[in-house]
Each structure stands twice: as C-alpha cells, then as structure tokens.
Amino acid sequence: MTASLTLGPVLFNWPVDRWRDFYARIADEAPVDTVIVGEIVCFKRAPFFAEAMGDVIERLSAAGKTVWLASPILVGSERERAAMRDLVESDAGLVEANDMGALALLAGRPHAVGPTINVYNEATLGWMAGRGAVAVSLPAELPAATVAVLAKAGRELGVETEVQVWGRAPLAISARCYHARAHGLHKDGCQFVCGNDPDGMPVTTMDGQPFLTVNGTQTMSHGCLCLAAELPALVEMGVNRFRLSPQAMDMVRVAEAFRAVLDGRRDGAEVATELGGLIDAPLVNGFYHDTAGALRVA
Amino acid sequence: MRDPDVAQTVSVSNPLAGERARRFETGLSRAGLGLVPRLGRRASDALLARLLRLLADRHPRAFEALRGMPDARVLIEPVDAPVALLMRVGPELSLHALPRGADGVGEAGAADAVVRGPYARLLDLLEGRIDGDALFFRRELSISGDTALILALRNTLDGEEEMDLVADVASIAGPLARVLPVLRRNAGPVLDRIEAARRLLPPPLRRGIERVEARIIGTLPGSGA
Amino acid sequence: MDNFELICPAGTPAALRAAVDAGADAVYLGFRDETNARNFPGLNFTRQDVADAVDYAHARRVEVYVAINTYPQAGNLGPWQKAVDDAARLRVDAVIMADPGLLAYAAKRHPDLRLHLSVQASAANVEAIRLYRDTFGVRRVVLPRVLTVPEIAKLNAEIDIETEVFVFGGLCPMAEGRCSLSSYATGLSPNKQGVCSPANHVRYEQRGGALASTLGGFTINVFGEGEQAGYPTLCKGRFVAGAGAGGAPAYLFEEPTSLNAMDLLPELKAAGVRALKIEGRQRGKAYIAAVVRAYREALESFAAGRPVPHIDLQAMVEGGTQTTGAYTRAWR
C-alpha cells in the first residue's frame, strides 16, 4: 500500500461560491489522492452546499480524485437521521462514517471510518474490518505508540489507516452552538454567524492566551496540528493515508509540501517551518508525542 | 450563613443542638491543638504518632490508603490557630505540629501542597464531612501546590464512615491526660460560656452539650452516641 | 406501569452504603484504575471492595453496576478484559461499557453478563443503538446529554431496549466520549485515562484578591474577590470569544451549573425512559446521601400520583445554579 494524501471535508461555514472555487482549485492543482466532501458539523448549513455538491463531485472526479462522502458527526433529530440514510444510500462515492449510526447502516459493504468515531485499539479496529471498513482515520488524540499498533493491525486486517497531519484538530462536538451563544443567539435563530469566521472563531483565555477555536457546534484546537516532521516515522509504522484538514489558506501549497515530503524530495521539519508561516496559529504535535495536544515537541 | 455542603453528622438527635455542639467541639479541639507544641517537639510528635496508631486501628482502610499514596507532604494550616499540621502521606505516614508563621516556614517549605483555611473547615475536611467538589468552590479554603494530592487525601478520608477525629483524640488516655489539665485551664472561659449558655437552653440542646463535654473529658470513650 | 429505577453513583465503599441506605435501586461504581471514566486519586473500588459492595447491596435488594467505560489502550487490552472478567466473577448485575472491541469480548466470554451502553459511547440515534443491541446484546443504553425530551420519546418509540438518562449532577455540554478538550490542555483524556481536567494539572494562583485557576498552564477562570470559585473543568471556564481583545470574558461553553431534571419526571416517564441516573462518583458521601434521598422521595410521590415535591438541592449544585440542560430545546 503506497502512501496517499487525503483532503478532509471543509469543516467551516464558507460561502458556497468560495467552497465551490476551493474545490475547483483542488481538482486542478492539489496533489491529493482522495477528497472527502460533505457538511459534517451542522445540519443547518447543509442546504447551502447541497446544490453545489453534484458539480464539485463531478469536477473532482474528472480530475482523477477519488471522492468520498462524509456523514455528519452528530445525528440526533429525525431530519438528521433522514439525511444520514439518504447519504448512505447514495451511490456518489464511498461513505466515511462519522457517527455509529452511519456505521450501522453501512454494514456489509465497503466504507470508511472517520476520525470522530472512537477507534482506540486493535479489537475495535478488527470488529470494524469484519463489517466492511476499508479505511479508518484515527482520532487526533492518539499517541504514536497507539498509532503504531493500529497501523500494524490494519495491515494484517487489510484496512488502511489514516492520520491527520495538517489543520486544526477537531476536539469536541455538541448539540449546543457556541458560535450562536457567543453572539447572544440561540441555535434555532443563529443567523449563521459562524459564516463570519472562515477559519473559526478564536477563543482566548482571560489572560489573553489563544487557546481554542469555535466552529459552530464544534470545538477545535487553536494550534494547527502539523506532523510533517513525523511523516517518515508514520510511514515506517505502516500508516498509509495522511489527512490534510482544510483551513482558510493556500491548501494547494500545503498539499504540495506534504507530497514532497512523502516523495522524499523535501525535509519534513523544513516544510513545517515553511507552512507555519502561512497560518496565524502555532504548529502543534503534542497528541502524537503523548503529551498535551497544545504543545509542540521538537 | 450555614455552610450548605457540610453534612450535619454530629450524632445528636436535635439538629440545632448538633450544630451548636459541633461548634463548641471545634473550638475546644482548636484550643487543644494550640497546646500541642507546648509539650515540646518530642512529646508532641509522640502524641501525634499515637493518634496515627489509633487511626490505624479505628480506620484501617483510610490508614492503608494514606500509606499507599506516593510519599508527599501536605501542610494543613488553620489561619485562626497558632499551629499548623504537616502530614506526610505514603509509606512514612506521619504527622507533625508546627507553630504557624515565621518559625514554621522552613519545614512548611518542604510541603508539596498547602491547604489553608479556618480551623473548623479544615476539621470538616479531615473528617471527610465536606463534599469533594465543594472543597474547591468555597473561597474560605485556599489550596496551593499539588491539587491532586489534596484531592486524593480528601477522597481517601471521605471513603471512611463517620470519622470523628475529636473523639479519637479525646480517647488517647495517656498523653492527653497530661494535656487535658492545660486544655481545661486555658479553655476555661469557653467552658464557662458553655455553662452560661446551658442554663438558657431547652433540654434537648442541653443534652447535646453535655455529650460534647463528656467526650472532651473522656467519660464517654469513642463516643458512639 | 413500571416505576423508574434510580441509579446512583459511588466513588468509595462509604458512598455506596450511603447510596444504598438513601434509596438507590442500583449503584454504579468503577475499579481503582484507568478502566473507568472517574479515575481520580483516592477514589474507586478494589476487587475486594466490589465483593463487599455486592454483598451489602444484594442483601438490601439493590443492584451493583460496574463502569468499564474508557477505551482500552491499543496493545494493552489486558486490564480492561480482566476488569470485565472480574466484574462477572464478582456477580455484579451489569457492566457499563463503551468500546465495541470490549463489548465484543464481554458478549463472547460472558454471555450471561448484562451489558449496558455507557454514555461515553454517545449513541444518540436509533441506528447506533440498534447496532449495539443487535451486535452485542446490549440491554440498556445510557443516553448522551444531547437529546431533548421529545427526541428521547421518538427514539424510545423505535428501539426495544431500555433507556437510562441523567437527571442530576455535573453536565457535559459536549457529546460524551467524543471530547478531547482535556487531552488538548493536559495530555490526559476521559477516553484514554478516564480523567477530565485532571487535578494533577490544576493550579490555583492568588492574584491579589482574585483567584486564578489554571489547567495545563491555561487560565480557565479568574474569580474576583468574594466570588464563588469553581474547579477548572475546561468547558466550565470563562473565555474571551472572537478576534481582538475587546470581548468580555464569558462562560462560552457552559456556566458552572448542575443538571436537575426533577421537574421533568412526567415528561421523562411519558417518553418511555426506564432509569434515572445521578452523576457524581467523584462527589462525597454527603452529596450522595442528600441527592439520592431527595430523588427517592420525589419518585415515591410521583409513583403514588402525588405532585412531585420541590426538594431543595441548591446546596449540592455547582455554582449554585440548576438547569434542565439539553432536555429542553432552549439550551442549544
């Protein structure tokens, strides 16, 4: 299994035109192998992207990208369930399940497991493989030792393992919308204020230290997860898929840089330094090094 | 204002009497603690060592749990008493009394965590009467250093039934026999006030106070009442 | 119509006896290690403690559940599997679990052991719940605190296993078992180590009259003079939202408040809920005795068709405020 790059779904609420243009440029220029599309954070945002979805999938497919469809992270209401069933039944691409409900519906046919489903050990990975999982994107908080065990188990089971190597880490999901709450609004009347923050809303401590990022119902890290320097070790472990999570920045350049490291053309640490200059956040890799996720370990 | 998170567990039938009794008992034991260093270092350590042995007998589970903790020192510092206690948990479990303030700084400096507050609150804490999280909510208690150590200590003590340190202390006959006359002499004004109060109280309250006094002078050993 | 079951927490043997004596139908607890989601210093049960707890509870017709609800560590499944084996050997009435791999182990090795799905599995919809029932024979699901009462009613209409919901105590504003906030600040997480905002990463700092609480070096709150302080649970902290320094600090995720759904008993009954759960294995026996007693009294009134009394639990709640949380839509 060769190493490949995955572009995760856009997690932020971008205007649909920006969203469409973003994928057009990815199709034309980004050296990524798989592109996962879908609004997975908030059900209320989904209609905006629905009309452009067909075009985007077609464009990406025409450019030779493998397109997967992501299911929502949190599925509770009847309407959310109906949307989840529709997605699972569609034949537009392989589905990446981000909730156990979607995983249930996908049993017996090839599917992917997203990073918001808890896969912490080889027993669970084996159980998923037996039900048709072909790729599992591991939760961001897993340390290297765990990733190594799962990558090895994945190879034995014929399941590809994926690790996020770029972008703010998803940390939590809620039924409550913190974007709306911060603006004194209710989720039902949110006025889509999350659309004002294409890279999420910064959350700082009372001492002015940047800490987290709010993206509607989702809470993310402030630090931008970057495992460019760790790529060779990850490849060595047998991890063969590497996820770039879109930020409001030049993601084509990010993809090119990671591709160059995977191809052995560039040094990972040097790439980290270069990319760190392109985003207004510190680079972090603490989860991988089995410490606080907010830290960067040299 | 009544402290909402402290269980009123003093074993007397009338709740009001229980509250009052607890207050008197707390005041008296605080006075007693103040006298411990006057015994001299060796005698006070011997007294406290004896208290620990008593705990081992009466509360074996808590005692073993305290000994099973990693070696660490907690300074328990009542802001309204002249004496602080340095508790060493772990295999070398021990208890030392230190005068509060300048003289104690050297030894207190070795503490991994300090919990500071009114004597009454600290007694509640040591007896496991305060709910765990409440410990942190109330500003009367301040905590510095290793928060996990204090939490572990509190959880361990809370895991015991009805720990009653005052009764335990009062039942150490030997050394206390030497301390008690001093205690009585110094706590005289307090006891006088109890006596004055007693005359004004209705019978149930009076019984509660009699019980406290009985415990303090050791005529009701262990005070299972 | 069956009465609600009252499921109560215990972090120590003394707390277990307090819960049993105060009227619990079942007490849930954990072993003294990383296999449960309240792996706090000085808390929890040795194997012998559990044996004694089962004796004490069963003699009084109270059940004992063991929570083995963290996610087993890759390459080190032993402690979790042993916890399941020991729970079965000790004759506990149910085990509460979240990890599919561990559920599969329990279902295979101990077919007679009753399995409950932990809130840490965050099974929030019919499809997910059916998956655990059909695959592992799970008999009861503890619902995540993301659903409204009408959503719970719809869900119960479509599933045929029991549901258990939280009615009192600390409230996670995030979907449980899907949160790495603690891990981000400290490296220790509910899913891996069974801790959230762990005390060994907490520091209190006096700043003049103010008190700052920090977690992993991040300031979680600063309390003014005279203001009641809180434990620095990350999601109950005060932060400044938005770009620029202009914003006022606010409880962005959740106020330091406690869930109390006592007023919702009729709605929860109509929604088909089987069991009511009190949070707080880390709380002291004073809290457990008071809350369990209050709920027992409320349930007896409710079962007898009398109005549910207004029982003052204000003293037991964090921050001195109570909420019905996600059960009502306005919370969102």
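In chain C of this predicted model, buried residues make up 61% of the 332 residues. The overall dimensions of chain C fit with that picture of a folded chain: a compact globule with 332 residues would have a radius of gyration near 20 Å, and chain C has 20 Å, so the two agree. If you draw a box around the C-alpha atoms of chain C along the principal axes, its sides come to roughly 60 × 55 × 40 Å. Inside that box you can look for 10 helices and 14 strands. Contacts in chain C often link places far apart in the sequence: among those with a separation of 6 or more, 62% are between residues 24 or more positions apart.

Next, try dividing chain C into its domains. The assignment gives domain 1 (5-171 + 257-331) and domain 2 (174-255), so domain 1 is written in two segments, with domain 2 falling between them in the numbering. The centres of domain 1 and domain 2 of chain C, taken over C-alpha atoms, are separated by 26 Å. Where they meet, 24 residues of domain 1 are in contact with 15 residues of domain 2.

What lies between these two domains? Here it helps to turn to the largest nonpolar core, which has 259 residues. In soluble globular proteins, nonpolar side chains tend to be buried together. The members that touch the most other members are A:A228, A:F258, B:V74, C:A19, C:V27, C:I68 and C:V95, a list with names from chains A, B and C. Helix α10 (residues 285-303) of chain C gives the most to this core, contributing 11 residues. Both domain 1 and domain 2 of chain C give residues to the core, so it lies between them.

One member worth a closer look is C:I68. Setting aside its neighbours within four places in sequence, C:I68 is in contact with C:T35, C:N36, C:W80, C:A83, C:V84, C:A87, C:V95, C:I96, C:M97 and C:L102. You may recognise C:V95 from the core members listed above.

Now move across to chain A, where 58% of the 298 residues count as buried. Chain A holds 10 helices and 12 strands, and its C-alpha trace spans about 50 × 50 × 35 Å along the principal axes. For 298 residues, a compact globule would have a radius of gyration near 19 Å; the 18 Å of chain A agrees with this. Of the contacts in chain A between residues at least 6 apart in sequence, 67% join residues at least 24 apart.

A pair of helices in chain A makes a good stopping point. Two packed helices are described by the angle between their axes and the distance between the axes. Helix α9 (residues 251-262) and helix α10 (residues 268-276) of chain A pack at an angle of about 170 degrees, with their axes 9 Å apart. They are therefore roughly antiparallel to each other. On the α9(A) side the contact is made by A:V254, A:A257, A:A260 and A:V261, and on the α10(A) side by A:G268, A:V271, A:E274 and A:L275.

Finally, visit chain B. Is B:P91 buried or exposed? B:P91 has 10 other C-beta atoms within 10 Å, and therefore it is exposed. You will find B:P91 in the loop between β2 (83-89) and β3 (94-99) of chain B. Apart from its neighbours within four places in sequence, B:P91 is in contact with B:R67 and B:D71. B:P91 and B:A72 are 19 residues apart in sequence and 9.7 Å apart in space, C-alpha to C-alpha.

Methods:
Residues are numbered from 1 along each chain as its sequence is written. Chains are lettered from A and ligands numbered from 1 in the order in which they are written. This is a predicted model: local features need pLDDT of at least 70, side-chain atom pairs count only at pLDDT 80 or more; totals for chains, interfaces and linings use all residues. A nonpolar core is a set of buried Ala, Val, Leu, Ile, Met, Phe, Trp, Tyr and Cys residues joined through C-beta atoms within 7 Å. A residue is buried if 20 or more other C-beta atoms lie within 10 Å of its own, exposed if 12 or fewer, and partly exposed in between; C-beta atoms are placed from the backbone. Helices (H or I, at least four residues) and strands (E, at least two) are DSSP runs, numbered from the N terminus. Two residues are in contact if their C-beta atoms, placed from the backbone, lie within 7 Å. The radius of gyration is taken over C-alpha atoms; the globule rule is 2.2 Å times the number of residues to the power 0.38. Axes are lines fitted to C-alpha atoms, for helices over the stretch in contact, and angles run from 0 to 180 degrees between N-to-C directions. Angles under 35 degrees count as roughly parallel, over 145 as roughly antiparallel, 65 to 115 as roughly perpendicular and the rest as oblique.
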